[in-house]
4 protein chains.
Amino acid sequence: MIATQLRVIYGDTDQMGVVYYANYLRFFEAGRNEFLRAKGLTYREFEREAQLMLPVVEASVRYRAPARYDDLLTVETSLPEAGRASARFEYRIVRDGELIATGSTLHACTELGGGVRRFPPDLLERLRAGETPAEPART
Amino acid sequence: MIATQLRVIYGDTDQMGVVYYANYLRFFEAGRNEFLRAKGLTYREFEREAQLMLPVVEASVRYRAPARYDDLLTVETSLPEAGRASARFEYRIVRDGELIATGSTLHACTELGGGVRRFPPDLLERLRAGETPAEPART
Amino acid sequence: MIATQLRVIYGDTDQMGVVYYANYLRFFEAGRNEFLRAKGLTYREFEREAQLMLPVVEASVRYRAPARYDDLLTVETSLPEAGRASARFEYRIVRDGELIATGSTLHACTELGGGVRRFPPDLLERLRAGETPAEPART
Amino acid sequence: MIATQLRVIYGDTDQMGVVYYANYLRFFEAGRNEFLRAKGLTYREFEREAQLMLPVVEASVRYRAPARYDDLLTVETSLPEAGRASARFEYRIVRDGELIATGSTLHACTELGGGVRRFPPDLLERLRAGETPAEPART
């Protein structure tokens, strides 16, 4: 798990006085970027060197408590699943220990042209390093 | 189902050349607003007159094909579930008959102060008018 | 002058209950796109066919009255100056006859690689058609 | 002058591969918030305690070099003018010593209801502390 800090600006809020619901996906992206950087791999390098992309296939957010202007939020990003050609990131947004939102994004691994490709094994190794794999479903 | 048209601007795209993943939630909101307006009820009135809000509790998006700059998108918004104190909107974004994204948002019905409240029955009636209820799970 | 209509969504507002100041530049872009389309030329074609871009060099906004959620705004876009290798668009945002904001953007004409280029004369002709040129400074 | 660091995310860019022009105003806001915090005064306190707001009256940006995804930008915010009932912030965005953009925002000082008000003198004192006043025009 990698923690990233973010300060909420006016531009993130809406007239309800809370962070606009779409902006949590921006916060998730910031967390994802820092996750990759912490693994020694920026997403920019990923695109340029590996000639791969990680387009989002699914995203979901569960809103638990409102975040407000000037809040200092922590995005906790983890990678419970990284398979052959896809990866699932999970996110928890917290403020002073209070849970604000949770969510996940599912990404395909594709060539820049769009075709699905296997994750290069060494890359997968680096992404998984230190991460707790998702528990297999019990039978 | 209510259809809303949207034109994609540069500001909606990202450097992958496609609509940024968070912006689909903006498109869903536009669809939701027009859904309410089509039922004779703007969300502005909902807040002011009924002194109620519909904060988002959950949101999810499934990205099926990329939308691009200058695309004319149609957001098809429906309300398959509207219960005592919550409502689920569903969305399909299409471009020339091609499915771009699907998703849903779950909303609570609350007072402006935040406490959960029952939907006023006449309101519920109006929202549901013409909508196909979600099918009950078959047994 | 070309008029474009826009509906303000929640995502455009901030916690002051008004449209967030950066979003006027999004509205200007929407106006600019429709200006080009009305001249028979989408910006997408401009990039693809002419292999040219119009990157923004300067932008300014003057905020005169707040726009609010659900407002139906009209962006009036005009092109008072279109010279050899630059163009200045001007914008007026109005709501029911009330002036909400004014502004302008100055654009260079460049190759996709970035080098400044002259506007193709036939293109300039089309853009200027029907537009009132800016008055020269009196001496 | 107060320096604030920002990391560019995918959501800040557009399909030209650079930061979308409206987002510089978001970066300016982040710089402005940190300017106030550095002076011992968050904008949140400003609103709550002084019952004052600083709505933007004018904003302008000059784009000098494109910022790109994953860039680490520094927003340098200063307050060259703070008068009776208005304040002008200036911004320089730099990346590794290269100038990316400059701009300014002019703010009124108003009551929460909207009426223009004088800056409380002690507040003005704090904001100006350490700032270089704008030079008067030479004659």
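1. Let's start with the B–C contact, which takes 19 residues from chain B and 19 residues from chain C. Keep in mind throughout that this is a predicted model. The area buried between chain B and chain C comes to about 1,800 Å², and carbon and sulfur atoms give 38% of it. Three residues to click on here are B:Arg26, B:Arg44 and B:Tyr69: together they supply 33% of the area that chain B buries against chain C, more than any other three residues.

2. Charge is a theme at this interface. The rule finds six salt bridges across the interface of chain B and chain C. One that is worth a look joins B:Arg26 to C:Asp12, with the closest N and O atoms 2.8 Å apart. B:Arg26 also belongs to the trio just mentioned that supplies 33% of chain B's buried area against chain C. As background, side chains of opposite charge can pair when their charged atoms come close.

3. The polar count for the B–C pair is 18 residue pairs in polar contact, with both residues at pLDDT 80 or more. Which elements give two or more residues to the side of chain B that touches chain C? They are α1 (23-38) and α2 (43-49) of chain B. The largest share, six residues, comes from α1(B). By class, that side of chain B has five nonpolar, three polar and eleven charged residues.

4. On to symmetry for this pair. A rotation of 180° with 0.0 Å of shift along its axis superposes chain B on chain C, with an RMSD of 0.0 Å. B:Leu6 is the residue of chain B that comes closest to the rotation axis, its C-alpha lying at 4.9 Å. Both copies use the same surface, since 100% of the contact residues of chain B recur in chain C.

5. Now the A–B contact. Here 23 residues of chain A are in contact with 23 residues of chain B. About 1,800 Å² is buried between chain A and chain B, and carbon and sulfur atoms give 59% of that area. For the B–C contact, the carbon and sulfur share was 38%, so to speak, and it is worth having both figures at hand when you look at the two interfaces.

6. How many salt bridges does the rule find across the interface of chain A and chain B? The count is two. A:Arg62 forms a salt bridge with B:Glu58, and the closest N and O atoms are 3.9 Å apart. If you want to check that pair, note that the cut-off is 4 Å. Polar contacts across this interface number ten residue pairs, both residues being at pLDDT 80 or more.

7. As for what builds the chain A side, the elements that give two or more residues to the surface touching chain B are α1 (23-38), α2 (43-49) and β3 (56-63) of chain A. β3(A) gives the most, with eight residues. The residues on this side divide into 14 nonpolar, three polar and six charged.

8. The strands meet here too. β3(A) pairs with strand β3 (residues 56-63) of chain B in the antiparallel sense, over five bridges. Within that pairing, A:Val61 has B:Ala59 as its bridge partner in β3(B).

9. The A–B symmetry can be read off in a similar way. Chain A can be laid on chain B with an RMSD of 0.0 Å by a turn of 180° and a shift of 0.0 Å along the axis. The two copies are therefore related as by a two-fold rotation axis. In chain A, the C-alpha nearest the axis belongs to A:Ser60, 2.0 Å from it. The same surface serves both copies, as 100% of the contact residues of chain A recur in chain B.

10. Chains C and D show strand pairing as well. Five bridges join β3(C) to strand β3 (residues 56-63) of chain D, and the two run antiparallel. C:Glu58 has D:Arg62 as its bridge partner in β3(D). Inside chain C, strand β3 (residues 56-63) also pairs with strand β6 (residues 98-108), antiparallel over seven bridges. There, the bridge partner of C:Val56 in β6(C) is C:His107.

11. Last, the salt bridges overall. A search of the whole structure finds 40 of them over all chains. One lies within chain C, between C:Arg37 and C:Glu34, with the closest N and O atoms 3.0 Å apart. Because C:Arg37 and C:Glu34 are three residues apart in helix α1 (residues 23-38) of chain C, about one helical turn separates them.

Key. Residues are numbered from 1 along each chain as its sequence is written. Chains are lettered from A and ligands numbered from 1 in the order in which they are written. This is a predicted model: local features need pLDDT of at least 70, side-chain atom pairs count only at pLDDT 80 or more; totals for chains, interfaces and linings use all residues. Side-chain values use heavy atoms; hydrogens and water are left out. Contact means heavy atoms within 4.5 Å. Buried area is the accessible area (1.4 Å probe) that two parts lose on being put together, summed over both. A salt bridge is a side-chain nitrogen of Lys or Arg within 4 Å of a carboxyl oxygen of Asp or Glu. A polar contact is a pair of N or O atoms within 3.5 Å; within protein, one must be able to donate a hydrogen and the other to accept it, and residues adjacent in sequence count only if both atoms are side-chain atoms. Helices (H or I, at least four residues) and strands (E, at least two) are DSSP runs, numbered from the N terminus. Ala, Val, Leu, Ile, Met, Phe, Trp, Tyr, Cys and Pro count as nonpolar, Asp, Glu, Lys and Arg as charged, and the others, Gly among them, as polar. Two strands pair if DSSP finds at least two bridges between them. Copies are superposed by least squares on the C-alpha atoms of residues with pLDDT of at least 70 in both.
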